[in-house]
Amino acid sequence: MALANLKIGFIGAGSMAQGMIEGWIRANVVKPSQLMASAPSDRNLSKLRERGLSTTHDNAELVRSCTVVVIACKPYQCKDVLPPLPFGPHHLVLSVVAALSCPAHEALLRPGTRLVRTMPNVAIAVCEGIIGVVRGSHATDEDMAIVDKLVQPIAFYEVMSDPQLDLMSSAVCTGVAWAAMVMEGLADGAVMVGLPRSLALKTAAITLMGTGKLHMETGKHPGEIKDSVCSPGGSTIRGVHALEKSGVRAAMMNAVEAATEQIKNMSKK
Ligand SMILES: NC(=O)c1ccc[n+]([C@@H]2O[C@H](COP(=O)([O-])OP(=O)(O)OC[C@H]3O[C@@H](n4cnc5c(N)ncnc54)[C@H](OP(=O)(O)O)[C@@H]3O)[C@@H](O)[C@H]2O)c1
């Protein structure tokens with residue numbers, strides 16, 4: 001099916017829904033008039049109406065109006081939100097809900113509902129995201145082709161298993177917050193030695209982006225990139241020593257481990 005013929009609805013209109021909507025509009029994947037959102041209050045819906053979307057407080061009305069429905073409410077809300085939704089054979093459901101496997105989603109949806117589980121990070125809003133994708137048991141090849149057209153313009157994506165998606169959520173999607181902390185730390189350091197704040201922040205951001213791009217485009221291992229800029233007795237290796245004394249890599253690994261534990265605990269609830 002051509003994307004131009006799709007009407008896509010969001011159940012939940014918070015940060016993740018807004019990020020996906022921004023990414024899709026920015027990448028010209030869909031027009032605002034093809035998008036709809038539902039939520040209990042106008043807190044987020046009013047912003048989306050200003051953006052040109054139609055909105056409702058009635059989730060069932062949204063399902064009746066759309067062919068693709070994105071579930072974007074909180075995990076604990078799903079047990080009340082999902083069962084009454086009137087999905088039929090013409091619907092494709094995408095979910096961005098963390099810590100709820102495909103079988104757990106499917107148990108809350110009408111039998112036979114075509115589901116694709118996704119896990120985006122917030123950088124989808126600027127079309128530089130990462131999305132893990134899990135094919136639900138009733139999703140078809142055509143559904144996966146639609147998902148490809150929807151997610152490829154806003155993210156690097158891979159199709160994976162439910163357990164891999166949970167690991168990716170804790171290791172990668174939450175990593176935006178930790179990368180932001182690294183960026184902030186680099187900028188604070190630059191300010192400490194005398195650079196103006198705005199320049200410090202811009203250069204820290206570009207350093208992170210550029211390093212990522214160097215790896216993606218050259219295939220160089222991070223250690224190789226680090227070695228290539230450390231001249232003997234130079235300033236960079238001094239900084240590397242300071243970072244190692246602070247346990248920078250162990251700190252990152254600890255963050256991934258802690259987030260993975262939390263996702264496991266959320267999945268059990
Ligand atoms: N934020 C992230 O980085 C991230 C990353 C990956 C996945 N996720 C997943 O994305 C989902 C949404 O997270 P978020 O950060 O966007 O949360 P959020 O900003 O709190 O938004 C939640 C939205 O759900 C709406 N909602 C509450 N009850 C509802 C109901 N009964 N029916 C329909 N909508 C309802 C809220 O309505 P109001 O507008 O009226 O409050 C709000 O618009 C979560 O499941 C989360 O696991 C988030």
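**View 1. The ligand sits in the second largest pocket of this predicted model.** Around this pocket's guest, three elements each give two or more residues to the shell: helix H1 (15-26), helix H2 (42-50) and strand S6 (114-120). As you look around, try picking out these two helices and the strand.

**View 2. A shell of 25 residues surrounds the ligand.** Which residues come nearest? They are Ala13, Ser41, Arg43, Asn44 and Cys73. What kinds of residue make up the shell? It divides into 15 nonpolar, eight polar and two charged residues.

**View 3. Polar atoms of Arg43, Asn59 and Ala98 lie beside atoms of the ligand.** Start with Arg43, where a polar side-chain atom lies 2.7 Å from an oxygen atom of the ligand. Asn59 also brings a polar side-chain atom, and this one lies 3.0 Å from a nitrogen atom of the ligand. Ala98 takes part through its backbone: an N or O atom there lies 3.0 Å from an oxygen atom of the ligand. How much of the ligand does the protein cover? On its own, the ligand has 910 Å² of accessible area, and the protein covers 79% of that.

**View 4. Phe10 and Trp24 form an aromatic pair.** A search of the whole structure finds one such pair. The two rings are tilted, with 50° between their planes and 5.9 Å from centre to centre. Why does this pair tie together separate parts of the chain? Phe10 lies in strand S1 (residues 8-11) and Trp24 in helix H1, so the pair links parts that are 14 residues apart in sequence.

Terms used
Residues numbered from 1 in each chain as written. Predicted model: local features only at pLDDT ≥ 70, side-chain atom pairs only at ≥ 80, totals over all residues. Heavy atoms only, no water. Near = heavy atom within 4 Å. Polar contact = N/O pair within 3.5 Å; in protein donor to acceptor, adjacent residues only side chain to side chain. Areas by Shrake-Rupley, 256 points an atom, 1.4 Å probe, with all protein chains shown as cover. 1 Å grid on protein atoms, 1.4 Å probe; cavity = no way out; pocket = protein on both sides within 12 Å on 5 of 7 lines; lining within 4 Å. Sits in = over half its atoms within 2 Å of the grid points. Helix = DSSP H or I, 4+ residues; strand = E, 2+ residues; numbered from the N terminus. Nonpolar A, V, L, I, M, F, W, Y, C, P; charged D, E, K, R; others polar. Phe/Tyr/Trp six-rings, centres within 6.5 Å; stacked < 30°, edge-to-face > 60°.
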